[in-house]
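Please open the model in your viewer and keep the sequence panel beside it, so that each stop of this tour can be selected by residue number. Take the stops in order, and pause at each one before going on.

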Amino acid sequence: MPRRKIRLLAPDRLVEAGLDDIRSEMSIPEGFSPVVMDELGSLEPRFPDLDLTDIPLITVDPPAAQDLDQAFHLEQVRGGYRVNYAIADVAAFVNPGAAIDLEAHSRGQTFYGPDARTPLYPTELSEGRASLRADQTRPALVWRIDLDRHGEMVDGQIQRGMVRSRAQFAYQDIQDQLESGSGSPSVRLLPEIGRLRQIIEVERGAVSLNIPEQEVFRRDGGWDLDYRTPLAVEGWNAQLSLLTGFFAAKLMVGAGVGILRTLPPADPARTNRLRRVAKGLHIAWPDDLPYPDLIRSLDPDLASHCAFLAEAAGLFAGAGYQALARDDIPEPHAALAAVYAHTTAPLRRLVDRYSGEVCLAIVEGREPPDWVSESLPGLPKIMARSSTRAGQYEAASVNLVEAALLTGRVGEVFSGVVVELDESRASGEVQLREPAILAKVDGDGLDLGEEIVVKVAEASVPARRVRFDQT
């Protein structure tokens, strides 16, 4: 599931130092070794012969993004739609077993902090030579997925070729074009196809979270928190990536080889906890309302709903990967209510490079390359190790940023709801309403779901700790 997104605007030296300490403690790497950089300078890319530059692709990403994994072109065809989806071809640049490849296996993914990100590959590659930047000819794995008029997948293909994106847009750019009617035919089809795929998602009993970004900034000598409301175009764009992951999984399961993204059903205890968070934020969640329906009913323009969506990312736990062998029973992704594969972000996630190579081999009727087949069994452990480190990095960063939010506010009083308890009922966790954060609370005879008034007893950025006392 997507993680909590926190962006720290203009941090002070104490907060910067704290985040640097976290990166050191979590072994989040700084830069790349001279060996990797020397190898990068001598790379000889393997470009495919197939020329697909006539497809008028575009990219849609967050503002200022340069590591562009994906570019798309949408068109209407007889009986439905065609999705052309180009994915950056990392394998064209990275030699198996070379220094860049070994470092990528050590990292597993790009690590995101509130103030910075640590890339999977050197930026000269991930933001330069392999990135699907506008007006640059690049190698890519190009997926062609045909849909019927209801948005259901009816056919698909994947091939390696050279592509050329026509333009790079931020989400807001596309939203503005759609609202003004100035977008290209491909852009105008994005909401049409996106909505159809969202309807299918609802019918499948699935839910995909569009997690709001929390922006922490300076105000009046202290810190404050805002939520950036997700744009509708972000959800539609995400449906293209999900569609490709479903098609990739279908290919892999049919061939009995590959690697799937898995997620077990939600633990009832986590569901009960999330219900208490909903109560703390005054969000009605009737017993007979399914979780996916609740998520779709929320209004991201409301801060309390944004806060709930951020916490809802923790409902499902235990995400992992399954390396498929013939006759294996595929494990589904519970939140998506389908069998699914990560395959559209190879510049930011190691496993996606392997997924693409497996699917290409399946479509071409051959065995995957040896370097892929030999690595597949070990990939789940590599990605699990990487995800654990990313989760620890996120948790420590959130603790630090929340301490910064309450710096200078010791003694202030807030209202909230108890969402966790220890066995003694003398301490637990409280969900504040404003600012919408979770923190430790000490009290006497606390009850789950109890509405209480608390005061800030401690807010330490160096210790990354916030603690409340019940008043």
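Begin by selecting R160, which is partly exposed, with a relative accessible area of 23%. Bear in mind while you look that this is a predicted model, and that every value given on the tour is computed from it. Now add E357 to the selection, because R160 forms a salt bridge with E357 in which the closest N and O atoms are 2.3 Å apart, well within the 4 Å that the term allows. This pair links distant parts of the chain, since R160 lies in strand 8 (residues 153-170) while E357 lies in helix 11 (residues 350-363), 197 residues apart. Is E357 buried or exposed? At 4% relative accessibility, E357 counts as buried, because the word applies to anything under 20%.

Next, select helix 3, residues 99-107, and show the side chains of R107 and E103. These two side chains meet in a salt bridge, with 2.7 Å from N to O. How many residues apart are R107 and E103 in the helix? They are four residues apart, which means that about one helical turn separates them. Colouring by accessibility shows that R107 is buried, with a relative accessible area of 1%, whereas E103, at 21% relative accessibility, counts as partly exposed.

Move on to the strands, and select strand 16, residues 451-460, together with strand 13, residues 413-421. The two run antiparallel and are joined by five bridges, and if you pick G416 you will find that its bridge partner in strand 16 is I452. Then add strand 17, residues 465-470, which pairs with strand 16 in the antiparallel sense over six bridges. Within this pairing, V454 stands opposite Q470 of strand 17. Strand 16 and strand 17 form a hairpin with four residues between them, and R464 in the turn has a positive phi of about 55°.

For the last stop, select D469 and R467, whose side chains meet in a salt bridge of 3.3 Å, N to O. D469 counts as partly exposed at 24% relative accessibility, and R467 counts as partly exposed at 26%. Which residues belong to the network around this pair? Select D442, E458, R465, R467 and D469 together, and you have the residues that salt bridges with shared partners join into one network. If you would like to continue on your own, the structure holds 25 salt bridges, including the ones you have just visited between R160 and E357, R107 and E103, and D469 and R467.

Note on methods. Residues numbered from 1 in each chain as written. Predicted model: local features only at pLDDT ≥ 70, side-chain atom pairs only at ≥ 80, totals over all residues. Heavy atoms only, no water. Pairing = 2+ DSSP bridges. Buried < 20%, exposed > 50% of the residue type's maximum accessible area, 1.4 Å probe, protein only.
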